[in-house]
Amino acid sequence: MKKYVYGIDVGGTAIKFGLFDFKGNLIRSWQIPTNIKDCGRHIIGDIREQIYTDMQENLMSAEEVEGVGLGIPGPVKGDGNVLRAVNLGWGKCNIKEEMQNLIQMRTEACNDANAAALGENWRGAGMGYEDVIMVTLGTGVGGGIIKGGKIVYGNAGYGGEIGHIHVQDGENQRCGCGNYGCLEQYASATGMVRIASKIKSEKSIADVSDITCEKIFDDAAAGERYALSALEIWGGYLGKGLSIMVNMLDPECIVLGGGVSKAGNKVIELLHPAFEEYVLKDLADIEIKLAELGNNAGIYGAAKLLI
Ligand SMILES: [Zn+2]
């Protein structure tokens, strides 16, 4: 009888593994470094080795394992087609078929931010809801849309790319995607530092090299002007971006994750004025929550793909 499922979060520096039961209890988890040599072609072999070793060491038979779910850092379609995954060195491939053939087990795949959204929906802050938007605030701004308990993959695998909503005209720096004025350029951790550095250098406060998000939050708590205005501007962009998503999708709840969300409820306070200004008034009371699964959200969601 099938009892277990593996959830795997394939990142550019580490591959995280989790073994789950069907109720979503994490039985064990571990990680290995990602071998991106030779265009990342060793990755799926490494995954197979880890899974087989884990099953052997723990006396599990293939009959007990439903399969493996994979979260991939790039656009992934519902049929497992990956357009590219730059951080892994991958070009176009069908990861679902390749992994399935190699490991002889059922395989499902999705984008890593979508996996995190599904994970939070299954066992984290979005539990009990059917329609959830998750936004991940890290180096970039990632996102995932859960509709009726399922990931919205989109036609090309770009479903939920909230980070590239256009929020600012006249920007002269290019976003990683090639466009100008994307939400990610302002609302990410990098964006927050950029906003603060700009304010500091405009006021010719000399040294901007040591600015981090943590320092900005600390300085704001100590009442430093530059930090307070940086956070206000930052929250303004985030609130605007979220209001666009909510007006379009009318979800039950928004979950905020990623490194910046560790600043806690302060993040929600900061985005709220702009959010309230731009969201449809009937939707203004939507629940905005902080993620609960941390770095494990991706393995939870990857596992849920099979259940
Ligand atoms: Zn962009």
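Trainee: Leaving aside its neighbours within four places in sequence, which residues is aspartate 131 in contact with?
Mentor: Good place to start, and keep in mind that this is a predicted model. Contact here means heavy atoms within 4.5 Å. With neighbours within four places in sequence set aside, the partners of aspartate 131 are Ile146, Lys147, Gly148, Pro251, Glu252 and Cys253.

Trainee: Where along the chain is aspartate 131 placed?
Mentor: Look for helix H4, which covers 112–123. Then find strand E8, which covers 132–137. Aspartate 131 sits in the loop between helix H4 and strand E8.

Trainee: Is aspartate 131 buried or exposed?
Mentor: Let's reason from the number. Buried means under 20% relative accessible area. Aspartate 131 has a relative accessible area of 17%, so this residue is buried.

Trainee: Which backbone nitrogen does the side chain of aspartate 131 reach?
Mentor: One of the contact partners of aspartate 131 is Gly148. The side chain of aspartate 131 comes to 2.8 Å from a backbone atom there, and that atom is the nitrogen of glycine 148.

Trainee: Let's move to asparagine 111. Is asparagine 111 buried or exposed?
Mentor: You can find asparagine 111 in strand E7, residues 106–111. The cut-off for buried is under 20% relative accessible area. Asparagine 111 is at 6% relative accessibility, so the residue counts as buried.

Trainee: How many Å separate a polar atom of the side chain of asparagine 111 from the backbone nitrogen of alanine 113?
Mentor: The side chain of asparagine 111 takes part in a polar contact of 3.4 Å with the side chain of aspartate 112. For alanine 113, the atom to look at is the backbone nitrogen. Its distance from a polar atom of the asparagine 111 side chain is 2.9 Å.

Trainee: Leaving aside its neighbours within four places in sequence, which residues is asparagine 111 in contact with?
Mentor: Aspartate 112 and alanine 113 are left out of this list, as it sets aside neighbours within four places in sequence. What remains for asparagine 111 is Ile72, Gly74, Pro75 and Val76.

Trainee: Now tyrosine 300. How many Å apart in space are tyrosine 300 and glycine 18, C-alpha to C-alpha?
Mentor: Tyrosine 300 belongs to helix H10, residues 297–304. In sequence, tyrosine 300 and glycine 18 are 282 residues apart. In space, C-alpha to C-alpha, their separation is 7.5 Å.

Trainee: Why is tyrosine 300 called buried?
Mentor: Among the contacts of tyrosine 300 are Phe20, Trp122 and Leu293. The label itself rests on accessible area, where buried means under 20%. Tyrosine 300 is called buried because its relative accessible area is 12%.

Trainee: What is the relative accessibility of isoleucine 43?
Mentor: Isoleucine 43 is placed in helix H2. Its contacts beyond the neighbours within four places include Val10, Leu88 and Trp90. Isoleucine 43 counts as buried, and its relative accessibility is 0%.

Trainee: What about cysteine 39, is that residue buried or exposed?
Mentor: Cysteine 39 is in helix H1, residues 37–40, and has a positive phi of about 55° although it is not a glycine. Exposed means over 50% relative accessible area. Cysteine 39 has 53%, so this residue is exposed.

Trainee: Leucine 59 is not a glycine either, so what is its phi?
Mentor: Leucine 59 lies in the loop between helix H2 (43–57) and strand E4 (65–72). The residue is exposed, with a relative accessible area of 77%. Its phi is positive, at about 55°.

Trainee: Let's step back. How many helices and strands does the protein have?
Mentor: We have already met helix H10 and strand E7. Counting through the secondary structure of the protein gives 10 helices and 12 strands.

Trainee: What is the radius of gyration of the protein?
Mentor: Begin with the chain, which has 307 residues. A compact globule with that many residues would have a radius of gyration near 19 Å. The protein agrees with this, having 20 Å.

Trainee: Last one! How far apart do the centres of the positive and negative side chains lie?
Mentor: The protein has 29 positive side chains and 39 negative side chains. Each set has its own centre, and the two centres lie apart by 3 Å.

How values were computed. Residues numbered from 1 in each chain as written. Predicted model: local features only at pLDDT ≥ 70, side-chain atom pairs only at ≥ 80, totals over all residues. Heavy atoms only, no water. Helix = DSSP H or I, 4+ residues; strand = E, 2+ residues; numbered from the N terminus. Rg over C-alpha atoms; globule rule 2.2 N^0.38 Å. Lys, Arg positive; Asp, Glu negative; His and termini not counted. Charge placed at Lys NZ, Arg CZ, Asp CG, Glu CD. Buried < 20%, exposed > 50% of the residue type's maximum accessible area, 1.4 Å probe, protein only. Polar contact = N/O pair within 3.5 Å; in protein donor to acceptor, adjacent residues only side chain to side chain.
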